[in-house]
Amino acid sequence: MRRPAKLNILITGASSGMGEACARALAPLGHSLVLGARSADKLKKLQKELSKKASGKIVAKTVDVQSTASVKAFTAFGLKSLGSLNVVLACAGLARGLEPIETITDDELEEMVRTNVEGLVKTLRATLPHLKKSGWGYVMAIGSTAGHAVYEGGGTYCATKHGVKALMQTLRLELCGHNIRVTSLDPGMVETNFSVVRFKDKSRAQKVYQGMTPLTGQDIATCVQWLLTLPEHVNIDEMIIKPLDQASHTGAKVHRRK
Ligand SMILES: NC(=O)c1ccc[n+]([C@@H]2O[C@H](COP(=O)([O-])OP(=O)(O)OC[C@H]3O[C@@H](n4cnc5c(N)ncnc54)[C@H](OP(=O)(O)O)[C@@H]3O)[C@@H](O)[C@H]2O)c1
């Protein structure tokens, strides 16, 4: 089957950052979207706003990717609303703190592993049968440059993003022969809510991007749009996207103007 002109796309992490930017970019192109995250108010607002401009259907439902039942209900809602699913765009994820391995708390450890690794598996497990059924599929997950290198205080976060890389590589093997593309988008520094969530402190978060020009969610959305236009037989396995000012994967070498 060839790529349908209009796709049915399920997005986790759609309430903020890269997921939200992708929704904003994809809705005006006529694709239909299922938006998911935990923040009901933000989702509802985005769904209403995008529905006004979109020719496709835009629906939203809260989902906690840590929960199998929640992911199942979200996927069932998406299917019922749109009839089929072609694309899964897994953007839900987070980092917590910068604690060394010796002192990281159970809360931080478990939240990162349960969201970034277990949440991705649960999302894939629920949606893959429907991608297969649709006849034309694409799985995109947001990994990170933290899946390619490590830094002090980032042990668990980096482990989860190395985990995302392993999951996507495995998926490519398991789906070989099906008409489903698999790409890990691995950004460096993107100014979203990510650092605010990580540090629970806005001014500390702002310092991360001080004096340099970070990527925006829109930059990642541009990459997603491009991936969706490639010829049928092409698969981009991994896409490492960094700001020009960021030379190293860990952010150890960043050009700052002040
Ligand atoms: N920003 C960066 O510099 C950067 C770089 C490389 C990779 N990444 C990765 O990019 C992905 C997107 O992050 P972002 O930068 O766009 O950050 P963001 O603005 O904080 O967005 C994260 C999204 O994930 C959702 N989310 C978190 N936990 C969830 C859960 N349990 N269930 C469902 N949704 C959940 C959040 O929504 P709710 O809170 O409403 O649930 C939000 O929509 C993450 O995987 C992150 O690790 C970020």
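The buried residues of α2 pack against three elements: α1, β2 (32–37) and β3 (58–62). That makes α2 a good place to start walking through this model, which is a predicted one.

Helix α2 covers residues 40–53, 14 residues in total. From its first C-alpha to its last it reaches 21 Å, close to the 20 Å expected at 1.5 Å a residue. Which of its residues are buried? They are Leu43, Leu46, Gln47 and Leu50. If you look down the axis of α2, these buried residues fall within an arc of 105°, so they line one face of the helix. Turn to the other side of α2 and you will find Asp41, Lys48 and Lys52, which are exposed.

From here, let us move to the core. The largest nonpolar core holds 60 residues, and Ile11, Cys22, Ala23 and Leu89 are those with the most contacts inside it. Among the elements, α4 gives the most to this core, with 6 residues. Ile11 is a handy residue to centre your view on. Leaving aside residues up to four places away in sequence, Ile11 touches Cys22, Ala23 and Leu89, which are themselves on the list of residues with the most contacts in the core. The other partners of Ile11 are Gly19, Leu33, Val34, Leu35, Gly36 and Cys91.

Next comes the ligand. How many residues surround it? There are 31, and the closest are Gly13, Gly17, Arg38, Ser39 and Gly93. The elements that give two or more residues to this shell are α1 (17–26), α4 (106–134) and α6 (194–199). Of these, α1 gives the most, with 3 residues. So far as character goes, the shell divides into 15 nonpolar, 14 polar and 2 charged residues. Two helices are thus worth a second look: α1, which packs against the buried residues of α2 and also contributes to the ligand shell, and α4, which serves both the core and the shell.

Our last stop is a loop residue, Leu175. Where does Leu175 sit? It lies in the loop between α5 (155–174) and β6 (180–187). Is Leu175 buried, exposed or partly exposed? With 18 other C-beta atoms within 10 Å, Leu175 is partly exposed, because a residue needs 20 or more such atoms to be buried and 12 or fewer to be exposed. Not counting residues up to four places away in sequence, Leu175 touches Ile180 and Val182. Leu128 makes an interesting companion to inspect: Leu175 and Leu128 are 47 residues apart in sequence, yet 9.4 Å apart in space, C-alpha to C-alpha.

Definitions and conventions
Residues numbered from 1 in each chain as written. Predicted model: local features only at pLDDT ≥ 70, side-chain atom pairs only at ≥ 80, totals over all residues. Helix = DSSP H or I, 4+ residues; strand = E, 2+ residues; numbered from the N terminus. Contact = placed C-beta atoms within 7 Å. Near = placed C-beta within 6 Å. Nonpolar A, V, L, I, M, F, W, Y, C, P; charged D, E, K, R; others polar. Expected span 1.5 Å × (residues − 1). Arc of directions from axis to C-beta. Core = buried A, V, L, I, M, F, W, Y, C linked by C-beta atoms within 7 Å.
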